[in-house]
Amino acid sequence: MEFKFSEKVSHLQASAIREILKYSADPQVISFAAGSPAPEALPAKELEELSKELLSEEPSVAFQYGLTEGYTPLRDEVKKILKDRGVFNPEYDEVIITSGAQQANELSAKVLCNEGDVILAEKPSFIGSLNAFKSYRVDLKGVTLETDGVNIAELEEKLKEGGVKLVYLIPNFQNPTGNTMSWEKRKAAFELCKKYGAVILEDNPYADLHLAGEDVKSIKTLDTEGSVIYSGTFSKILSPGIRVGYVCAHKDIVQKIVVCKQVADVHSTMWSQMLAYRFLKKYDLDEHLAKLRRVYEHKTNLMLSEIDKNFSSKITHTNPQGGLFIWCTLPEGVTTQQMVDFCTTAVKDYKVAIVPGTAFNINDDDESRSFRMNFSTPTDENIIKGCEILGKLSKEMFGE
């Protein structure tokens, strides 16, 4: 039977990252393609103990339906954390628990955007959110991403064109580049969006994974009237498998998200929410985050040093101060096809999986000379071995 798919999904394609991960299932493949937290950073023992306590003490709550807004004690704890960070304003903000930040971003677009509305996003950007936006048949446009955030002049130019409903930004350790938006650009972007009536969707999944120095304040801390939606997650600090994220936004926006979430999945899993709450109450979050940062600092520095030691000098790379990714760029003059050939050869012939930059394009016909490498998931041994292999391939293709 030939199926006639809806116009909302007929144009969507499978994630290139997911396709590459199929090769990664081969135990001989060293994968730099994932976006998962470091296995050794996950508090598995603590979560196991908390699960036993939870299922012993409150099974009737954990196994039942819950509020769409989320488990109330967890929501209150999230509000407290965000208020301490200047993100949550009790006068007009509200919080809803979601099934990861992916759902937070998808529902935010759903409640605000009609077909044909413009969403601006960093170019390149996170493919999961881009596909979510595309499913609503919006007019998705890119704004060039620089080392310190989006090009502000270009952002204003596109805002002036009109029709922009949402501006999607990942200001901290951006996926895929690892870049961090400066405080000056955060303020400038906020003022521009306020001037032209666009809502900012601030996606901040990596906020707690900075390596050194002080955190750059969230864009949401500038918000005085509810024009910024803030999405966060416990995926990177507790476990991606529990699928617990959240939205902090003006109460009117959150109420619409509640209605849409009721349609999508009724509520996020009660067991996961209760587990996250118990972790926050029993353990010192700052101490836990300090442990995570030591793990990621080591792995970041190891991969950067191995890239510098092994790769062709014609390949440049970012130097992230947090997050999970390093963004490498091939020499000037290299075509998109040569870049794809490089990535394909790496995984098929050299057994090292990386993600081509085309996977993060706003438009399918955009070009890219870059690829993303993840340092959090592989072991130290595989980081060293994989970088040696990619270094050999890079020098064969592009010279010393």
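This tour moves through a predicted model, one selection at a time.

**Stop 1: the largest cavity**

Begin in the interior, where two cavities of 30 Å³ or more are counted. To find the largest cavity, select Val78, Ile81, Leu82, Arg85, Asp208, Thr233, Phe234, Ile237, Tyr246 and Leu285, which line it. The volume of this largest cavity is about 80 Å³. Which helix gives the most to the lining of the largest cavity? The helix to colour is α4, residues 72-84, which contributes three residues. Colouring the lining of the largest cavity by class shows seven nonpolar residues, one polar residue and two charged residues.

**Stop 2: the second largest cavity**

Next, select Arg85, Asn204, Pro205, Ala207, Asp208, Tyr230, Thr233, Ile237 and Tyr246, the lining of the second largest cavity. The second largest cavity has a volume of about 60 Å³. Its lining consists of five nonpolar, two polar and two charged residues. Keep the earlier selection visible for a moment: Arg85, for example, appears in the lining of the largest cavity and also in that of the second largest cavity. Tyr246 likewise lines the largest cavity and the second largest cavity.

**Stop 3: Lys220**

Now select Lys220, in the loop between β7 (199-203) and β8 (228-233). Is Lys220 buried or exposed? Its relative accessibility is 1%, so Lys220 counts as buried. Display the side chain of Lys220 together with that of Asp93, since a polar contact of 3.1 Å joins the two. Then show the backbone of Val228: its oxygen lies 2.9 Å from a polar atom of the Lys220 side chain. To see the wider surroundings, add the residues that Lys220 touches, leaving aside those up to four places away in sequence. They are Gly86, Val87, Asp93, Glu202, Val228, Tyr230, Cys248 and Ala249. Tyr230, in this list of contacts, was also selected at the second stop as part of the lining of the second largest cavity.

**Stop 4: the cysteines**

One of the residues touched by Lys220 is Cys248, which is the next selection. Cys248 is buried, with a relative accessible area of 0%. How many disulfides does a search of the whole structure find? The search finds zero. For Cys248, the reason is distance: the closest cysteine sulfur, in Cys193, is 17 Å from its own sulfur, which is too far for a bond. Cys328 is in no disulfide either, and the nearest cysteine sulfur, that of Cys387, is 8.2 Å away. Cys328 also counts as buried, because its relative accessibility is 0%.

**Stop 5: helix α6 and the cis peptide bond before it**

Select residues 127-134, which form helix α6. This helix is mostly covered, and eight of its eight residues are buried. The buried residues are Ile127, Gly128, Ser129, Leu130, Asn131, Ala132, Phe133 and Lys134. Move from there to Pro124, in the loop between β3 (118-123) and α6. The peptide bond from Lys123 to Pro124 is cis, and its omega is near 10 degrees.

**Stop 6: the loop between β6 and α8**

A second cis bond can be found by selecting Asn175 and Pro176; the peptide bond from Asn175 to Pro176 has an omega near 25 degrees. Pro176 is placed in the loop between β6 (164-169) and α8 (183-196). Select Phe173 as well, which lies in the loop between β6 and α8. Phe173 is not a glycine, yet its phi is positive, near 50 degrees. With a relative accessibility of 6%, Phe173 counts as buried.

**Stop 7: Val266**

Another positive phi is that of Val266, about 70 degrees, although Val266 is not a glycine. Look for Val266 in the loop between α9 (251-264) and α10 (270-282). Val266 is partly exposed, because its relative accessible area is 38%.

**Stop 8: Asn89**

Finish with Asn89, in the loop between α4 and β2 (93-98). Asn89 counts as partly exposed, at 23% relative accessibility. Select Val118 as well and draw a line between the two C-alpha atoms: Asn89 and Val118 are 28 Å apart in space and 29 residues apart in sequence.

Conventions. Residues are numbered from 1 along each chain as its sequence is written. Side-chain values use heavy atoms; hydrogens and water are left out. On a 1 Å grid over the protein atoms alone, a cavity is a set of points where a 1.4 Å probe fits but cannot get out, and a pocket is an open set with protein on both sides within 12 Å along at least five of seven lines; lining residues have an atom within 4 Å of a point. Grid points are joined across faces, edges and corners, and a volume is the space filled by probe spheres set on the points. Helices (H or I, at least four residues) and strands (E, at least two) are DSSP runs, numbered from the N terminus. Ala, Val, Leu, Ile, Met, Phe, Trp, Tyr, Cys and Pro count as nonpolar, Asp, Glu, Lys and Arg as charged, and the others, Gly among them, as polar. Buried means under 20% relative accessible area, exposed over 50%, partly exposed in between (1.4 Å probe, protein chains only). A polar contact is a pair of N or O atoms within 3.5 Å; within protein, one must be able to donate a hydrogen and the other to accept it, and residues adjacent in sequence count only if both atoms are side-chain atoms. Contact means heavy atoms within 4.5 Å. A disulfide is a pair of cysteine sulfur atoms within 2.5 Å.
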